[in-house]
Amino acid sequence: MTQDIFLLIEHIQGQVSDISYIMAAAARELAQNEGDSVIGILFGSGAEGLKDSLAVDKVIYCDHPTLSEFTSDAYKRTLISLLEDYSPRAILFGNTTLGADVSSSLAAHLKFPIINSCLKISDSGGIISQICGGKIMVDSQLADKTTLITVNPGGYKPEEGQSSSSPETITFSPPDLENLKVQLTQYIEPEAGDVDISQEKILIAIGRGIQTEDNIELADELAELLGGAVCASRPVIDQGWLSTSRLVGRSGKKVKPDLYLCLGISGATEHIEAITDSKTIIAVNSDPDAPIFDIAQYGIEVDLFDFIDPLLEQIENAKND
Amino acid sequence: MAVNGIQQSLPFTAQFKESLLKIPEGENIQACLQCACCSGVCPFGFAMDFPPGRMIAWMRAGILDEMLKSDSVWMCVSCYACTEVCPKDIPITLALMTRAKEEALLAGNVPAELQSALEFSQQYGNPLGESSRKRAAWSEELDFEIPIIRKAKRPVDILWFVGDYASYHPRSKNVTIAFATLLNKLGIDFGILGPDEFSDGDSQRLAGERGLFEMLAEKNAKVISRCEFTEIITTDPHAYNAFKNEYPQLGFDFPVRHYTEFLVEHLDEITPLFKENGKAKVAYHDPCYLGRVNKIYDAPRQLIEAIPGLELIEMAHNKSTSLCCGGGGGGMWLDGFRWEKSESRLSEWRVKEAVAVNADILAVACPYEPPRFEDAAKAITGAEKLQVKDVVELIVDAIGN
Amino acid sequence: MTEIVVIARLVPDLVEELEIATSGTALDLAWLRLIINEFDNHAIEQAIILKERSGATVTIISPEAEGVEDMLFTTAAKGADKLIKLTGVGEEKPTNLSMAQTLAEIIKEINPDLVLTGVQAHDDFTGDLAPQLADLLDMPYVGYISGISLGDGKATAYKEYPGGILAEMEIALPAVLGIQSSEEPPRYVAISKVRQMMNTASIEDRDAGVLETDSGVVIDRMYLPEVADRAEMLEGDEEEVASKLIAILQDLGLL
């Protein structure tokens, strides 16, 4: 067994997913000793260029038409073949719809131990995982043989795993990829139409504090920048500024986004009842005693309209960096 | 479905009708005049494809099957307004509407909001999906301890059945705290069931989940039968109704009173505690399950009138004609659904009535109501200053510290 | 007739506060309340939908745990045909690989066309059950599925990607599919129907055999994350607060 740390680079439709950079950052922390390499595994068809922005030492690249887009069977077969030639200390997979399709199945096949839901690597090289919906933390150590790890987003920023210097490529010849049992037939893009706020990952919620219908544009702009949708509490809906399908609260929808950013919502109980499953609640309100601050993780006491312009500007800058 | 020549059972409509006739006074359905008073008085009648009168007509015609596919039954708030006005004393709410909900539920036609409340009731013993271990967590805010009867292992005078919303809802909890404070001040010997208490199940029953109601009733009866007490008191008219009228039918007979009846009896001890209290006009809203269903109209009014400075006034609909807050019959768990169907909220009608009589305070006596009316008041012009208070909050406010 | 097997597991209910055992490396079982794994509930619904659509025999297999009988009878009330309880599982959570080995032996006897289970369980620390099961059964696996149609010797399934994109996958049967969500939300069954099943349906007990609890990974410590009671207020002028907010969004991986 070498001390190298491998990671499976994820990409969909020609785009490297953020989790790949996050894994590169985690792998760097895990490769503690000088000389231990961080090595990306990249499968694709004419996709070698995808390695360029990743902060890894080397990339093992396998080119095959069947590998142009992810399917579990082809990836698993290629990984099994690859691991006949290599024996890394650990292999990182995204705990994602892509990585989770192969990691556990590969672990079962090769009898490699596997650790789920790694969030961070500790200073001493331990694995810090988050299970039970984030309610339990687990500190663990790599096993005494090649260990697979699934990585959750959130522990590292994608920028920490980016680099401008192109890593060296080692090419790997694909195994037999005939008679695969899983085939991708097509991608289906989401239909346009009104969003279902109960399914959105990022929600910008507006309340009475938004004051006028014209100001809703600001929330729309913010939602667009963050890739989310706008929803509202009762007073906004009652004014007819947004359709009832955007109402969050007892008489509207219950939501469970990763981010619930509320602007000018005081936090009446009938509203709070419907947002408690949100992962992170950030509240912006000019009233320091607004009850919303009792349930939010982060609070910002400012006048909304002085705040929103600098915020929009800075988000745009952050995205362009 | 006829399988291998086995005779199929009675069609739905006939089966349904037969089941109604077995309910006490159910046979009155045969005497329906089709006067349509029920459909007219129904607060959501306008939004129903099958208001009660039409349901009876279609049943007589043997073609009620259509009703199962419609959403009509889920608009029923079980407020007893129809039952109250029926000239032929047909048990419309108890028999017709509740049985219809049971059938819709068995056929799998259940709005998603209601489904999760029913699942929560099964899993946690309360429809809010809160931890049963935290059922008495509200009492941590008090500066005295309330005995949990199982742990205290001693008889108490009053077994206070707290109820779901009164235990968990952040607004209704304040009423619960007020009642605890008052009982303590009066030196009443009381205890609660705490984590051993389950939902009374009455609203689940009225939402068509009779099996769940029976399961919850059995669990409560098992816990209560191990306690020594004189009587049960509750602030929740739905719990009161369950213990008074429904549990006995399952063989669980416990003496019960609503807190307003209990406090009227203690007015002599309460009155000396009142302090100077300012002036306010108070409109009292009769909760359906205290008023129309159980005919308790006077006790809450007597309490309000005893409080110095408060002037009791009546809204257009009062006592037996009171308007439902919209929370009954599973309404607490169908707000979104009913708004989509009707674009109206009963709680807002009621708040408008309070505004129309220039009330300063809308007084209530049911834990469903403070959050519903406060929510409604935000949307009604003229209701900006309207306060919503449970009667016991008014009493405790007037006593001061 | 199509044979479908569903694995349904009970997991710690996150409504209750979780406690750590005195060992410091496991959950305190005394404080656990169990609930059906939400994804498994969707797997059950998907199996019943497939049965209603084109006929199938649905077998539910569940490792024993407090409340598992009620859960199994509920699946019967929804339309499951056969109920199997895995006994002798013990209190300490076995590794998923070991659980998968035991389940694979039982599943082989049933010889199903399709094995469905939840794509994940929130308390899994040693890999995910469904893909491990697939490997042991030498079947293909696809997870994060939100819709299935069965054809001749194959299934067409819809796999969810972030951003609402669906991948249509064709999978040779027999296969294991990890369900993210069923085509329709899990149905409600009236308690009276469940109670009826308690009197009429039967649960077959199967011995789990020897289950491994050591995955080779050493757990140093399990603990609760620190949580703040009230919002952490971001201080500063508008510009400063905006940049602090952006840093938080970046930390959360949302920007």
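Helix 3 of chain C and helix 4 of chain C are oblique to each other, and this pair makes a convenient entry point to the predicted model. The axes of helix 3 (residues 96-110) and helix 4 (residues 129-136) of chain C come within 9 Å and cross at roughly 50 degrees. In handedness, the crossing of helix 3 of chain C over helix 4 of chain C is right-handed. On the side of helix 3 of chain C, the contact is made by Asn96(C), Leu97(C), Met99(C), Ala100(C), Gln101(C), Leu103(C) and Ala104(C), and helix 4 of chain C contributes Leu129(C), Gln132(C), Leu133(C) and Leu136(C). By class, the residues of this contact divide into eight nonpolar and three polar, with no charged residue.

A second helix pair in chain C is formed by helix 2 (residues 68-78) and helix 5 (residues 191-200), which pack at an angle of about 110 degrees with their axes 8 Å apart. An angle of 65 to 115 degrees counts as roughly perpendicular, and helix 2 of chain C is therefore described that way relative to helix 5 of chain C. Phe73(C), Thr74(C), Ala76(C) and Ala77(C) of helix 2 meet Lys193(C), Val194(C), Met197(C) and Met198(C) of helix 5 in this contact. Six of the residues are nonpolar, one is polar and one is charged.

Two backbone features of chain C also deserve a look. Most residues other than glycine have a negative phi, and most peptide bonds are trans. The peptide bond from Leu173(C) to Pro174(C), however, is cis, with omega near 0 degrees. Pro174(C) sits in the loop between strand 9 (166-172) and strand 10 (175-179) of chain C. Tyr144(C), a residue other than glycine, has a positive phi near 60 degrees. This tyrosine, Tyr144(C), belongs to strand 7 (residues 141-151) of chain C and is buried, with 24 other C-beta atoms within 10 Å.

Chain B offers a counterpart in Glu25(B), which is not a glycine and yet has a positive phi of about 65 degrees. Glu25(B) is placed in the loop between helix 1 (12-21) and helix 2 (37-41) of chain B. Because 12 C-beta neighbours lie inside 10 Å, Glu25(B) counts as exposed.

Chain B also holds an open sheet of four strands, in the order 6-5-7-8 and with parallel pairing. Its edges are strand 6 (310-313) and strand 8 (387-390) of chain B, each of which pairs on one side only. On average, and ignoring direction, neighbouring strands of the sheet are turned by 35 degrees against each other. Strand 5 (residues 280-284) of chain B runs parallel to strand 6 of chain B, and four bridges join the two. Within this pair, Lys281(B) is found opposite Glu311(B) of strand 6. Helix 20 (residues 391-399) of chain B packs on the sheet, where it touches strand 6, strand 7 (361-364) and strand 8 of chain B, and its direction makes about 95 degrees with that of strand 8.

Turning to chain A, the secondary structure comes to eight helices and 17 strands, and the C-alpha trace spans about 65 × 45 × 35 Å along its principal axes. Of the 321 residues in chain A, 51% are buried. Among contacts in chain A with a separation of 6 or more, 63% involve residues 24 or more positions apart. Thr150(A), in strand 10 (residues 147-151) of chain A, gives a local example. With 25 C-beta neighbours inside 10 Å, Thr150(A) counts as buried. The C-alpha atoms of Thr150(A) and Ala100(A) are separated by 7.4 Å, although the two residues are 50 apart along the chain. Beyond its neighbours within four places in sequence, Thr150(A) is in contact with residues including Phe93(A), Asn95(A), Ala100(A) and Cys118(A).

Finally, the chains meet one another. The contact of chain A with chain C takes 67 residues from chain A and 65 residues from chain C. On the chain A side, these residues divide into 34 nonpolar, 21 polar and 12 charged. Strand pairing also links the two chains: two bridges join strand 17 (residues 298-300) of chain A to strand 13 (residues 232-233) of chain C, and the strands run parallel. Here Gly299(A) has Met233(C) as its bridge partner. The contact between chains B and A takes 10 residues from chain B and 11 residues from chain A. Helix 17 (335-342) and helix 19 (369-377) of chain B are the elements that give two or more residues to the chain B side, and helix 17 of chain B provides the largest share, four residues. The chain B side comprises four nonpolar, one polar and five charged residues.

Definitions and conventions. Residues are numbered from 1 along each chain as its sequence is written. Chains are lettered from A and ligands numbered from 1 in the order in which they are written. This is a predicted model: local features need pLDDT of at least 70, side-chain atom pairs count only at pLDDT 80 or more; totals for chains, interfaces and linings use all residues. Two residues are in contact if their C-beta atoms, placed from the backbone, lie within 7 Å. Ala, Val, Leu, Ile, Met, Phe, Trp, Tyr, Cys and Pro count as nonpolar, Asp, Glu, Lys and Arg as charged, and the others, Gly among them, as polar. Two strands pair if DSSP finds at least two bridges between them. Axes are lines fitted to C-alpha atoms, for helices over the stretch in contact, and angles run from 0 to 180 degrees between N-to-C directions. A residue is buried if 20 or more other C-beta atoms lie within 10 Å of its own, exposed if 12 or fewer, and partly exposed in between; C-beta atoms are placed from the backbone. Angles under 35 degrees count as roughly parallel, over 145 as roughly antiparallel, 65 to 115 as roughly perpendicular and the rest as oblique. A crossing is left-handed if the near helix is turned anticlockwise from the far one by less than a right angle, and right-handed if clockwise.
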